[in-house]
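Biologist: I would love a close look at one part of this model, the bent helix, and then a walk outward to whatever surrounds it. Could you take me through it at a steady pace?

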Amino acid sequence: MATTDPEVLMPTGAPGELLPRYANGPAAFGYWGMWGLITTEALLFSTLFASYFYLRFRAHSWPPHGIAPPDLMLPLIMTVILWCSSIPVHIADHSIKHGNQKGLRYGLLGGWILGATFLGLQLLVEYPETAKLFTPRTNAYGSLFFTITGFHGFHVIVGLLISAWVQIRAWQGAFDKHRHLTVHNFAMYWHFVDTIWLFVLLTVYFSPRL
């Protein structure tokens with residue numbers, strides 16, 4: 001919401017009329033731009049999930065014979081780590097709205113570390129083990145498994161890069177309680193990535209067991 005603090009107001013030329021120098025939340029165009037991006041990405045994920053279930057219900061067996069349903073232990077550990085990363089990101093977003101620079105910086109750092117841990121487990125542990133059983137070229141099941149999880153992993157990478165940039169700007173003192181749209185937009189994106197993982201988890205890891 002646009003602030004009315006006199007420290008961040010500037011005259012427009014008309015007597016008695018003031019406009020905010022900075023805008024946050026629904027008053028800012030960037031806020032709606034992020035919602036547009038999130039909506040677009042949600043539609044892309046929905047297309048992948050629809051493709052997954054379309055091919056699944058046309059197949060005689062799913063996963064195909066010779067491939068066991070995905071093990072749940074590692075994905076559940078990854079889930080806890082990823083979802084926990086939203087906590088420090090939320091703290092960072094909440095902190096800067098109240099001018100808390102320390103909460104902003106360490107909240108962003110905590111979220112980044114947890115997100116990087118999730119990505120490391122996916123790329124360095126899960127994928128090498130899964131590749132021993134099947135690859136994206138094995139069959140449609142393998143293609144969908146790596147496409148959906150990889151597409152989500154790509155979004156995690158993008159989120160980590162955005163977080164790194166926001167952290168650099170945070171340590172430079174670029175944000176305060178009046179100017180924090182960038183932080184809030186990143187938090188929105190990161191919570192979206194964490195939310196989409198729920199649907200990835202249910203689709204890719206749980207549904208083959210039903």
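**The bent helix and its surroundings**

Modeller: Happily! Helix α5 bends by about 25 degrees at Val-200. Please keep in mind that this is a predicted model, and that every value below is computed from it.

Let us start with the length of α5. The helix runs over residues 181-206, and its 26 residues should span 38 Å at 1.5 Å a residue; the C-alpha atoms at its ends are 37 Å apart, so the span agrees with what is expected. As for its surroundings, α5 is mostly covered, with 19 of its 26 residues buried.

One place to see α5 from the other side is Thr-79, a residue of helix α2. Thr-79 counts as buried because its relative accessibility is 3%, under the 20% cut-off for that class. Leaving aside residues up to four places away in sequence, Thr-79 touches Trp-197 and Leu-201.

Next comes helix α1, residues 29-58. Its 30 residues reach 44 Å from the first C-alpha to the last, close to the 44 Å expected at 1.5 Å a residue. Where is α1 buried? Beginning with Tyr-31, Met-34 and Ile-38, the buried residues go on through Glu-41, Phe-45, Leu-48 and Phe-49 to Tyr-52 and Arg-56. The cover over these buried residues of α1 includes α5, and α4 as well.

Beyond α1 there is a detail of the backbone to look at. Pro-63 sits in the loop between α1 and α2, and the peptide bond joining Trp-62 to Pro-63 is cis, with omega about 0 degrees.

Helix α4 offers two residues to compare. Val-158 belongs to α4 and counts as partly exposed because its relative accessibility is 24%. Val-158 also leads back towards our bent helix: its C-alpha and that of Trp-190 are 9.6 Å apart, with their positions 32 residues apart along the chain. Phe-154 is in α4 too, and at 49% relative accessibility it counts as partly exposed, since the exposed class begins over 50%. Its C-alpha is separated by 9.2 Å from that of Leu-119, a residue 35 places away along the chain.

Now for the loop between α3 and α4, where Pro-136 is found. Pro-136 has a relative accessible area of 40%, so it is partly exposed. Not counting residues up to four places away in sequence, Pro-136 touches Gly-142, Ser-143 and Phe-146. From Pro-136 to Thr-147 the C-alpha separation is 7.8 Å, for a sequence separation of 11 residues.

Finally, the largest pocket. Its volume is about 250 Å³. Which residues lie nearest its centre? They are Pro-70, Asp-71, Glu-126, Thr-130 and Leu-133, out of the 14 residues that line the pocket. Helices α2 (73-97), α3 (101-131) and α4 (140-171) each supply at least two residues of that lining, and α3 gives the most, with four. By class, the lining holds 10 nonpolar residues, three charged ones and one polar one.

To return to where you asked me to look: α5 has its bend at Val-200, is mostly covered, and is part of what covers the buried residues of α1.

Methods
Residues numbered from 1 in each chain as written. Predicted model: local features only at pLDDT ≥ 70, side-chain atom pairs only at ≥ 80, totals over all residues. Heavy atoms only, no water. 1 Å grid on protein atoms, 1.4 Å probe; cavity = no way out; pocket = protein on both sides within 12 Å on 5 of 7 lines; lining within 4 Å. Points joined across faces, edges and corners; volume = space filled by probe spheres on them. Nonpolar A, V, L, I, M, F, W, Y, C, P; charged D, E, K, R; others polar. Buried < 20%, exposed > 50% of the residue type's maximum accessible area, 1.4 Å probe, protein only. Contact = heavy atoms within 4.5 Å. Expected span 1.5 Å × (residues − 1). Bend = angle between axes of the 7 residues up to and from the residue.
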